[in-house]
Amino acid sequence: MTNHIDLSVIILNYNSGDYLQKCLESISQSELGDYQIEIIITDNCSTDQSINLAREINCPNTKFLILNDNRGFAAGNNQGLKISDPKSKYVLFLNPDTLVEKNTFKTMIDFFETNSSADAATCYIKLVKTGQMQPECHRGFPTPWRSFSYFTGLYKLAPKSNFLNGYFLGHLD
């Protein structure tokens, strides 16, 4: 077993209600193998009970950073990053309305351990209500053409066209 943190999970919270609690419950059930994780919850000056609900979950190696003001998405995440273990090999920015499947962290760390040329990755993200893939999990680089094709609905004319579907890579399986 390793003596260091392999993955720092940073969750930015702002009035997320019981979503944060459910997120932590799903993380606490994760199968990690020999990997070690830390969870950093940065609260962007919430006024609801989400932090109190989150503290009720027995999620090991969890740190809470309560900010005195709402610093926004990027700054709030960066505050969490500042208190993460500097020797952590990987960082995951996770939204509080996410449910993590049991093998997700282990699978992703295994992927990076065996693919040294990979610098970033995302998981298959499915919508809870429908079970369908969320298109944002495989967004392409938003060039002007790709953005135009998407926002004007042009991509709908040929759903499998690489040329028209680059924004969400809708041509890929």
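Me: If I want to read the surroundings of a single residue in this predicted model, with which residues is Val9 in contact, leaving aside its neighbours within four places in sequence?

Reply: Setting those sequence neighbours aside, Val9 is in contact with Ile27, Glu38, Ile39, Ile40, Leu92, Leu94 and Phe105. Keep in mind that the model is a predicted one.

Me: Which residues of the largest nonpolar core touch the most other members?

Reply: The general idea is that nonpolar side chains tend to be buried together in soluble globular proteins. Here the largest nonpolar core has 23 residues, and those that touch the most other members are Val9, Ile11, Leu24, Ile27, Ile39 and Phe105. Two or more residues of this core come from each of strand S1 (7-13), helix H1 (19-28), strand S2 (37-43), helix H2 (50-55), strand S4 (90-94) and helix H4 (104-114).

Me: Taking one of those elements, which residues of H1 are buried, and what covers them?

Reply: In H1 the buried residues are Leu20, Gln21, Cys23, Leu24, Ser26 and Ile27. Their cover includes S1, S2, H2, S4 and H4, and two of these buried residues, Leu24 and Ile27, also belong to the core members named above.

Me: How should I place these elements in the whole chain, and in what order do they run from the N terminus on?

Reply: The secondary structure comes to five helices and four strands, and from the N terminus the elements run β-α-β-α-β-α-β-α-α. For contacts between residues at least 6 apart in sequence, 62% join residues at least 24 apart.

Me: How much of the protein counts as buried, and how much area does the protein expose?

Reply: Of its 173 residues, 36% count as buried, which here means under 20% relative accessible area. The protein exposes about 10,800 Å², of which carbon and sulfur atoms supply 54%, while its C-alpha atoms fill a box of roughly 50 × 40 × 30 Å along the principal axes.

Me: Turning to the largest pocket, what is its volume, and which residues lie nearest its centre?

Reply: The largest pocket has a volume of about 1,500 Å³. Its lining is made of 40 residues, with Leu94, Thr98, Leu99, Cys123 and Ile125 lying nearest the centre. The elements that each give two or more residues to this lining are S1, H1, helix H3 (73-82), S4 and H4, and the largest share, six residues, comes from H4.

Me: How does the lining of the largest pocket divide by class?

Reply: The lining has 24 nonpolar, nine polar and seven charged residues. Leu94, one of the residues nearest the pocket centre, is also among the contacts of Val9 with which we began.

Conventions. Residues are numbered from 1 along each chain as its sequence is written. This is a predicted model: local features need pLDDT of at least 70, side-chain atom pairs count only at pLDDT 80 or more; totals for chains, interfaces and linings use all residues. Side-chain values use heavy atoms; hydrogens and water are left out. A nonpolar core is a set of buried Ala, Val, Leu, Ile, Met, Phe, Trp, Tyr and Cys residues joined through side-chain atoms within 4.5 Å. Buried means under 20% relative accessible area, exposed over 50%, partly exposed in between (1.4 Å probe, protein chains only). Contact means heavy atoms within 4.5 Å. On a 1 Å grid over the protein atoms alone, a cavity is a set of points where a 1.4 Å probe fits but cannot get out, and a pocket is an open set with protein on both sides within 12 Å along at least five of seven lines; lining residues have an atom within 4 Å of a point. Grid points are joined across faces, edges and corners, and a volume is the space filled by probe spheres set on the points. Ala, Val, Leu, Ile, Met, Phe, Trp, Tyr, Cys and Pro count as nonpolar, Asp, Glu, Lys and Arg as charged, and the others, Gly among them, as polar. Accessible areas come from the Shrake-Rupley method with a 1.4 Å probe; for residues, only the protein chains shown count as cover.
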